[in-house]
Amino acid sequence: MADTTAERRQRLRSIIGGSTGNLVEWYDWYVYSAFTLYFAPIFFPKGDSTAQLLNAAAVFAVGFLMRPIGAWLMGVYADRKGRKAGLTLSVALMCAGSLLIAVTPGYATIGWVAPALLVFARLMQGLSVGGEYGASATYLSEMAGKDRRGFFSSFQYVTLISGQLLALTVLLILQAVMPEPELEAWGWRIPFVIGGALAIVVFYLRRGLAETESFKNAQEAKAPKSSGMELFRNHPREALVVIALTAGGTLAFYAYSTYMQKFLVNTSGFSRETATWITAAALFFYMLLQPAAGALSDKIGRKPLMIGFGVLGVAFTYLIFTTLAKTDDPYVAFAIVLGALVIVTGYTSINAVVKAELFPTHIRALGVALPYALANTIFGGTAEYVALWFKTQGMESGFYWYVTAMIGVSLITYLRMRDTRAHSKIIED
């Protein structure tokens, strides 16, 4: 019994350690989105606010272009060298990107070099996040144990959302203590310095993590080496399933979360401070839902939750955006945003474990990371840009239909696939 207790404690420490690192990674990633309203004029030539946001959103999307490359390189690395090694490398890259953004002068000082360095920093961060998702999803799923895999793997999105909330909290604090001209001039650099410093701490924390039994067993069994060719030659169906189930889910998540702050300002007409409070409050309650939904999937399966997201997303996305566009009551706006996030919980709470359960150990980190990153780049990374493009063309409602259609594509996938809880390829326990 003592051995079992010690094993459980080690498992819990590993999950907490992996999750904490994930939080800092995603804080660094989302700080860019949270502070776009302030630094966009610094890095881009003068113009109207929508044009500056469009340029900043384009850089946000460019960061996603490195995610498939990061997923490929570090997915193979995590499959061959270990989940711990992949997690440590990813946070080092994220740290470098954050510190570069923090110290880069603006367009008025160094001209085109400023946006060029911003793009380079986001490429580094995209490389990091591309590897982080697969390594952390695989690590948490393998460490969790069969009966609580949905619950513990849900903490990937708990920490992802916590990182986003932390970024918004830093924004709210700076909005409260700094005059707006100072925040626009240099205060926006503070959160990037914080992110770089936290990433250094996490680097040393991750070096002390335990490796998963699944990886150790695969190494001892001399399983085939992970590679892109191995993935698409021997597991093409699983890779395509990951792309299809991710497309609508990731687009909905970015539309309801990162883009929502801009939507509340640009379309609904709220102040930047009010929009930040609405978004932060809704994300907080959304974060709390993830473990509950993950635990529910351990009881009833993964498939019912994903189908629930698909059906409700198709039915209500257009109504959510059109109603929100017309409201000027912050409490009504909060309720609508939270409702949208409740719907997408059916995807976010379990998407990591669903993908991990599709692949055998020797290819799992790459299998989770690369197809996800491809779908995330195409649909999630471009969400803000597409939304703002529709707005500049005077066809904002086109974005609402676009999100609805992609959720519908994923719904078809959910209906056709097997429930991974009953057919999991994580077999170490």
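Of the contacts in the chain between residues at least 6 apart in sequence, 87% join residues at least 24 apart. That is a helpful starting point for reading this model, which is predicted. The chain holds 21 helices and 0 strands. Its radius of gyration is 21 Å, close to the 22 Å that the globule rule gives for 429 residues, so the chain is as compact as a globular protein of that length. Measured out along its principal axes, the C-alpha trace spans about 60 × 45 × 40 Å. Burial is described by the finding that 61% of the 429 residues count as buried. The surface that the chain exposes comes to about 16200 Å², and carbon and sulfur atoms supply 67% of it.

Helix α6 is a good element to look at next. The helix covers residues 113–144. With its 32 residues, α6 reaches 46 Å from its first C-alpha to its last, close to the 46 Å expected at 1.5 Å a residue. Because 26 of these 32 residues are buried, α6 is largely enclosed by the rest of the structure. After the helix comes G145, whose phi is positive, near 95 degrees.

Two residues of α6 show contrasting surroundings. T138 belongs to this helix and counts as buried, since its relative accessibility is 0%. Not counting residues up to four places away in sequence, T138 touches R83, R364, A365 and V368. F120 is also found in α6. This residue is partly exposed, with a relative accessible area of 45%. The C-alpha atom of F120 is separated by 8.0 Å from that of G97, and the two residues are 23 apart along the chain.

R83, one of the residues that T138 touches, leads on to the charged pairs. Side chains of opposite charge can pair when their charged atoms come close. The count of salt bridges in the model comes to 10. In one of them, the side chains of R83 and D79 meet at 2.7 Å, N to O. Both R83 and D79 are buried. D79 sits in helix α3, and its relative accessibility of 5% is why it counts as buried.

The surroundings of D79 draw on other parts of the sequence. Leaving aside neighbours within four places in sequence, D79 is in contact with F215, Q219, S226, T361, H362, I363, R364, A365 and L366. Among these partners are R364 and A365, which T138 touches as well. H423 offers another reference point for D79: the two residues are 344 apart in sequence, and their C-alpha atoms are 21 Å apart in space.

Another salt bridge joins the side chains of E184 and R272, at 3.2 Å from N to O. This pair links distant parts of the chain, with E184 in helix α9 (residues 180–185) and R272 in helix α15 (residues 272–300), 88 residues apart. E184 counts as partly exposed because its relative accessibility is 28%. R272, with a relative accessible area of 17%, is buried.

A further bridge brings together the side chains of K425 and E238, at 3.4 Å from N to O. K425 lies in the segment after α21 (397–416) and E238 in helix α13 (residues 236–256), so the pair ties together parts that are 187 residues apart in sequence. The two partners fall into separate accessibility classes: K425 counts as partly exposed at 33% relative accessibility, whereas E238 is buried, with a relative accessible area of 15%. Salt bridges also link R149, D298, R302 and E357 in a network.

The surface carries a nonpolar patch as well. I69, W72 and L73 form this patch, and together they have about 280 Å² of accessible area. L73 is placed in helix α3, which runs over residues 49–81. With a relative accessible area of 45%, L73 is partly exposed. Helix α3 is also where D79 is found, and D79 is buried at 5% relative accessibility. An α-helix has 3.6 residues a turn, so residues three or four places apart point the same way.

Notes: Residues numbered from 1 in each chain as written. Predicted model: local features only at pLDDT ≥ 70, side-chain atom pairs only at ≥ 80, totals over all residues. Heavy atoms only, no water. Patch = residues over 30% accessible without salt bridge, like charges linked within 9 Å, V, L, I, M, F, W, Y side chains within 5 Å. Areas by Shrake-Rupley, 256 points an atom, 1.4 Å probe, with all protein chains shown as cover. Salt bridge = Lys/Arg side-chain N within 4 Å of Asp/Glu carboxyl O. Helix = DSSP H or I, 4+ residues; strand = E, 2+ residues; numbered from the N terminus. Buried < 20%, exposed > 50% of the residue type's maximum accessible area, 1.4 Å probe, protein only. Rg over C-alpha atoms; globule rule 2.2 N^0.38 Å. Contact = heavy atoms within 4.5 Å. Expected span 1.5 Å × (residues − 1).
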